[in-house]
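Dear colleague,

I am passing on the structure we spoke about, so please open it and keep it beside you while you read the notes underneath.

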Amino acid sequence: MPSAFPPGDPAPADGALPPTALSGMAQRTFSLYVHVPFCRVRCGYCDFNTYTLPELGQEELGVVEGSRGGLTADFIRSAHAELDLAARVLAPGEPPAVSTVFFGGGTPTMLPASVLGELLGGIRDRWGLAPDAEVTTEANPDTITPDVADVLAAQGFTRVSVGMQSAVPQVLRTLDRTHDPANVATSVAAIRAAGMQVSLDLIYGTPGESLADWRASLELATSLAPDHVSAYALVVEQGTKLAAQVRRGEVPEPEDDDEADKYELADEVLSAAGYQWYEISNWARPGEGAECRHNLAYWRGGDWWGVGPGAHSHVGGVRWWNVKHPRAYADRLGSGVSPAHAREKLAAEQRYDELVLLGVRLAEGLPVEVLREEGRRAVAGLIADGLVEGAAAVRGRVVLTQRGRLLADTVVHRLLAA
C-alpha cells in the first residue's frame, strides 16, 4: 500500500503560495516532476503511490491512439489542469525556463510515448525548457522498444531510467518484478540508438540474494555500458507485501552487514568499470554530464513542482503534497480546486537540518563554512574516525569516505550535534 501522508497544515484551495516563497524564484533553478501512478503489477516491496488497473476498476489502460477513457485519461486531463494551476500560482515569481523534467511512478511508459510527449509539451508551452534541459522518464524494460525510444527522443526526452533491479531471475521473483531480464539489454540498445542517455536502477539486499547474485547483476549492468547506475538498498516498508512476508517469517529481513558488503562490492565493481560516485547511491561516467541533474536539484534544495496524484513539491521553503488517489486528484482539479492535500513552511531549523542531511550525501561535499559551530567542531573527530576525508576538509568541504557513506546517518547526527 502507498505510504501514509506526512503531517502538515491545510493547503489553500487555490494553491496560492506566500510571496516569500516566490521571492527570488527567477534566480533559482526550476524543475518539474510528473507522477504517473499506474503499474501493471504491484511489486511486493513497493510503497510508492501506484495503482494497478484492476485496483482502479479498469481492465485496460484506456489510453490509445484515437481513444481515451477511464481514470488513466482523467489523469492526463488533470495533469494538464495542474500545469495550468502551477502556471497561475508561480507567475508572480517569474520562474526561469525549466532545467529538468522527470516522469516517475509507477510506470510512466505504460502510457503511449506520444502522450508523455504531450505532457512534456504542456510544460514547454507554459515555461519553456532551458537549452540544455534534462528530460527523463522511468521505464520498465518490457515497455521500451525501438519505436517507443524513437518517439520519446523526438518529443524531447534526453534520458531513460530503466528499472533493471537485478539480473537474477529468483531475485526478481522475490521482488515481484515481472520483466524479462533479457529485455534490459534490448531496451538499453534502443535508448542508445535513439540518441538518449540511459541509467540502470538496481536494488540490493533482497532476501535470498547472495553476494554472487549481486556481483552478477553489477557485471551485467556494467557490460551494457550505461551512462549512469543507481544502486539502492532494499528497505522493508510497512504495509507492503514484503513486510507481511517478513513478519510471518516467510522470508528473512535484510541484514545491515550484508547490505554493507553489497554496497562495498557495488562501489568496487562500478569504480573498476569507470564510474564515479556523486551521491551515496548513484554513480556516473565522469566528465560526460551523466549525473542525474533532476535529483541533484532535490539534493541541493532547488524549486520543483510535482504534478500528479501524491506528488510532492517545493518552492522557496514551502513544501506540499497532493491527494493520493487518481479519482480524488481528478475530482479536485475538475472542480477547479488545487489537488494539494497539505503543506508545510520549513522553519530555519528544518532548512538547516536538510542542508546538512542532503549536502553530505554528495561527492562534492558540504561547505564547512555553512556548518554551525558545533558542526565545525565535529569535523576533526569524524576525520579521526575515518568517516570524512581529511584532505577535502582542509579545502573546506565535508566529503564522506566510503566508510562514511555506509554510516552517513551517524555523520549527520554528529554534524548536527543531535
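The notes below take up a pair of helices, then a peptide bond, and then two backbone angles.

Please bear in mind throughout that this is a predicted model. The axes of helix α3, which covers residues 113-127, and helix α4, which covers residues 146-155, come within 9 Å of each other and cross at roughly 10°. Because angles under 35 degrees count as roughly parallel, α3 is described as roughly parallel to α4. On the side of α3 the contact is made by Ala113, Ser114, Leu116, Gly117, Leu120 and Arg124, while α4 contributes Val148, Val151, Leu152 and Gln155. Sorted by character, the residues of this contact divide into 6 nonpolar, 3 polar and 1 charged.

Turning to the backbone, the peptide bond that runs from Gly105 to Gly106 is cis, with omega near 15°, and Gly106 is placed in the loop between β7 (98-105) and α3.

Two residues other than glycine have a positive phi, and I would look at them one after the other. For Gln165, phi is near 65°; this residue lies in strand β9, residues 159-165, and Gln165 is buried, with a relative accessible area of 8%. For Ala225, phi is near 55°, and its place is in the loop between α7 (211-223) and β11 (228-233). Is Ala225 buried or partly exposed? With a relative accessibility of 28%, Ala225 counts as partly exposed.

Best wishes

Conventions. Residues numbered from 1 in each chain as written. Predicted model: local features only at pLDDT ≥ 70, side-chain atom pairs only at ≥ 80, totals over all residues. Heavy atoms only, no water. Axes fitted to C-alpha atoms, helices over the stretch in contact; angles between N-to-C directions. Helix = DSSP H or I, 4+ residues; strand = E, 2+ residues; numbered from the N terminus. Parallel < 35°, antiparallel > 145°, perpendicular 65-115°, else oblique. Contact = heavy atoms within 4.5 Å. Nonpolar A, V, L, I, M, F, W, Y, C, P; charged D, E, K, R; others polar. Buried < 20%, exposed > 50% of the residue type's maximum accessible area, 1.4 Å probe, protein only.
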